[in-house]
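Here are my comments on the model you sent round. They deal with how the parts fit against one another.

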Amino acid sequence: MIIPQIHDIDKITFPNPEEIRLKNNIPLFGFNGTQNDIIRLDLIFNSGRWTEPARLVAESTSKLFKSGTAALSSFQLNEQIDSYGSTIKATAGYNTFNVSLYCMNRFLEPSLQLLKTCLTEITFPEHELELLQKNAIAKLKVSQEKNDYLADVAFKKTVFGETHPYGYETNEEAIRNITQALLQQFYKQDLQPNNCTVFIAGKYGDTELQLIDKYLGDWNQEQGIKNTENNVFQALKSEQKNIRITKEKSVQASIIIGKEFFNKHHEDYASFVLLNTIFGGYFGSRLMSNIREEKGLTYGIHSGLSTLKHSGVFSIQTDTNLENLDVCLREIYLEMERLQNELIPLKEITLARNYLLGKFLGRTDGPFNQIEVFKSYFVENLTINKFEDFVETIKQTDALSLQGLAQKYLQKDTMYEVVAG
Amino acid sequence: MIDYSREVLDNGLTLIHHHDKTTPFVIVNTLYKVGAKHEDEHRTGFAHLFEHLMFSGSKHFADFDKPLQEAGGENNAFTNNDYTNYYDMVPAVNIETPMCLEADRMVNLNINKKSLDVQRKVVCEEFKENYINQPYGNVWHILREMVYEKHPYRWPTIGKELKHVEDATLEDVKAFYSKYYQPSNAILVLAGNIEKEQASTLAKTYFGELTGSVVEKRIFEEPEQTMAKEKTVYEDVPLNAIYIAFKICDRLHPDYYASDVTSDILSNGTSSRLHQKLVKEEKAFVEIDAYITSSDDIGMFVVEGKITDGIELQKATDLIWAELKKMQEEKVNESELQKCKNKMLTYMNFSEASLLNRAISLAYYELLGNANLINEEEQQYDAVNAEHIQQFAQKTFTKERSNTLFYLKKESK
């Protein structure tokens, strides 16, 4: 059998989006060109946990985003949206409030009309809030039975502190404290056109753009709204580095090791992404090869960098049998040390780099991938040409600089260790 | 409309090609017609364990993943009760790398003790992580055994019990490989930025010379259910839950589409019946869902819900039955039906935007015997009318055909 030669991936380029302004000056970015006649439209507001007046208000607003207006009950509103086969969905992030519409082009107009209703007319009826609170508390109890959930909550609290928007925990008290007035205040203050950017992907032409302008372009800014986007929070890190949560009758434990980290603005970002890939970022990584493929201690182990607008998190996560817990932890730290003490062989770097370049290529593939990447850069205040810079950096990072990064960022004594189980 | 072409090589391997020149990628998707239903009752979990072993390297490659990753590619696999599916996605310039790798592991897999030992442990950790150490994690173990009397759908893909996986021997594994991993038992889909001629030539170059035996197609039987079944278990869970399951038709039966639309009428979207009535109005359930299992043979229609604290089990059960009865007694009105069809159509359109989804769907429909279902299903769903749904409900939702599992918290004992 002749083993085929591997070719380098040609230049990776990220297409520029179409950029227009709606009548009321809302910026719109679009990626066009799917086969099917479908549109995904996203509105992103500078908002989220960062600007909410009390805990869980952003999230609760998103969950009650279709809870009814003065004229329409929740059921009537949802039935209308469903009748076109469309989906309108709101989610609250740490620094954003996101509203998405998925629909077939032939139902774009009525779907936009309903979207506009959701953006401007929701009253957050008391009985809808009460039911949400009751069911959220019940679902929280189910989550609290899961080790990975418990570990994740404890980890964020440890790294950012209980009062920080990136760190606070969902608990019964916070759920009970949500009021209709808080939701209405947040909705009115944050969901305003001057705080909004629109993104579209799918197949669209002038007709679709005109419809979007018709419904979102005549949306007027409410006067006298104060923007709270400039809130400042101080991360209150825990003094204690090791957190152990014991859960009876567990057969496995969830482990998270990590710390607060930088985001995409940092000069080491792209080269660290390569280092992380080698360490625990893909199936061929050192953590996976050693702890899963060599020792069979876990079903999966991953490390990753998640970047946020004002910060970032680096973490390693896995689940393992309780009796193997110590071996597993020891091996994770050992792999960190190896990266600091030994140069990574060229072959291993090439492998990880090529894999990563394949991933970057994938992010340029088609309007739906493009819009995802574009939005993620946008919310961190980065222009999309950074994408190609990152690709270049990844191509050029060598063994010596990877070792330097490991020495700088992967010191055991800087890490928090959370074990739940 | 998704264009594709189909060709069967001399050794029985089916090739399906689908061209999409807008993507820089090609997908090599290999489906083997073997799943958990082909396992021996006393040695379950095998098809899935074997999927793990397929990454252990083959005659010409010490490792499967590395050459593929070096080619800028990504890969994964999944196993279900009916089949096992492997996919590789690479930049188009490197199409030959996965072709070579897949062909080699189709007949020259390196099955050895070391990899079996490790993967047995990995699968046991997977078993614990997803089925033991999770609230409600063992529901499917219980429910499948309740619903099916004979059919090997009685056990889930992960295996009936940990011990079956722990006891797997090298001989068992080798026998499984030589029985089921044959060119004639596989469907190869090449999709993406590759021309038809090139796809055909490459398939012949890499797979054409592989020889193998023919795998006999097995027919599985399952008797009609004539008596209601009920079971109660007590576990460490925070909320009482109820599962009501009915056996339904197989995937190719004309009723299949009516069954799917029925489940959507009951629970797809916030305005669906179960959600509106039982969660919002009655406040009897924290969450509720109705769905079908979409298996090749006799499938399942399942209604499952987590019950609000303080609501009696009997009341919760009655409320579900009242909605099922309503489906039998009254015809669904046109607008409600159209709503579900529109949702289905939107979902299908968005799903088709992904090349990987198209590739996997083509392989799956070919397994069902008609790759063109990828283009026909839209009409099949559109043809479902209120009579079909009512007939389906009348035939299916009867007490004698029901299987009810009460999954309760320990304190309520």
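The points below take the contact between the chains, then the contact between the domains of chain B.

1. The model is predicted, and the side-chain atom pairs counted here are restricted to pLDDT 80 or more. Totals for chains and interfaces use all residues.

2. Start with the chain interface. Chain B brings 65 residues to the contact and chain A brings 68. Together the two chains bury about 5700 Å², with carbon and sulfur atoms giving 59% of that area. On the chain B side, no other three residues supply more of the buried area than B:Gln69, B:Asn133 and B:Phe350, which account for 11%.

3. The polar side of this interface can be listed briefly. There are 6 salt bridges between chain B and chain A. One of them joins the side chains of B:Asp236 and A:Lys249, at 3.2 Å from N to O. The count of residue pairs in polar contact across the interface is 27.

4. Which elements of chain B supply at least two residues each to the side that touches chain A? They are the helices α2 (65-70), α3 (96-107), α4 (113-132), α10 (273-281) and α12 (334-352), with the strands β5 (84-91) and β9 (285-292). The most comes from α4(B), with 11 residues. By class, this side of chain B holds 23 nonpolar, 21 polar and 21 charged residues.

5. Now the inside of chain B. The chain is divided into domain 1 (5-207) and domain 2 (229-412). Their centres, taken over C-alpha atoms, are 29 Å apart. In the contact between them, 36 residues of domain 1 face 37 residues of domain 2.

6. The two domains of chain B bury about 3100 Å² between them, and carbon and sulfur atoms give 72% of it. B:Tyr136, B:Met146 and B:Val147 supply 24% of what domain 1 buries against domain 2, more than any other three residues.

7. The domain interface of chain B has 4 salt bridges. The side chains of B:Asp297 and B:Lys37 form a salt bridge at 3.1 Å, N to O. Residue pairs in polar contact between the two domains number 12.

8. On the domain 1 side, β2 (14-19), β3 (25-32), β5, α5 (139-147) and β6 (186-192) of chain B each give at least two residues to the surface touching domain 2. The element that gives the most is α5(B), with 7 residues. This side of domain 1 divides into 20 nonpolar, 9 polar and 7 charged residues.

9. One element deserves a second look: β5 of chain B supplies residues to the side that touches chain A and also to the side of domain 1 that touches domain 2.

Key. Residues are numbered from 1 along each chain as its sequence is written. Chains are lettered from A and ligands numbered from 1 in the order in which they are written. This is a predicted model: local features need pLDDT of at least 70, side-chain atom pairs count only at pLDDT 80 or more; totals for chains, interfaces and linings use all residues. Side-chain values use heavy atoms; hydrogens and water are left out. Contact means heavy atoms within 4.5 Å. Buried area is the accessible area (1.4 Å probe) that two parts lose on being put together, summed over both. A polar contact is a pair of N or O atoms within 3.5 Å; within protein, one must be able to donate a hydrogen and the other to accept it, and residues adjacent in sequence count only if both atoms are side-chain atoms. Helices (H or I, at least four residues) and strands (E, at least two) are DSSP runs, numbered from the N terminus. Ala, Val, Leu, Ile, Met, Phe, Trp, Tyr, Cys and Pro count as nonpolar, Asp, Glu, Lys and Arg as charged, and the others, Gly among them, as polar. Domain bounds come from an automatic or database domain assignment.
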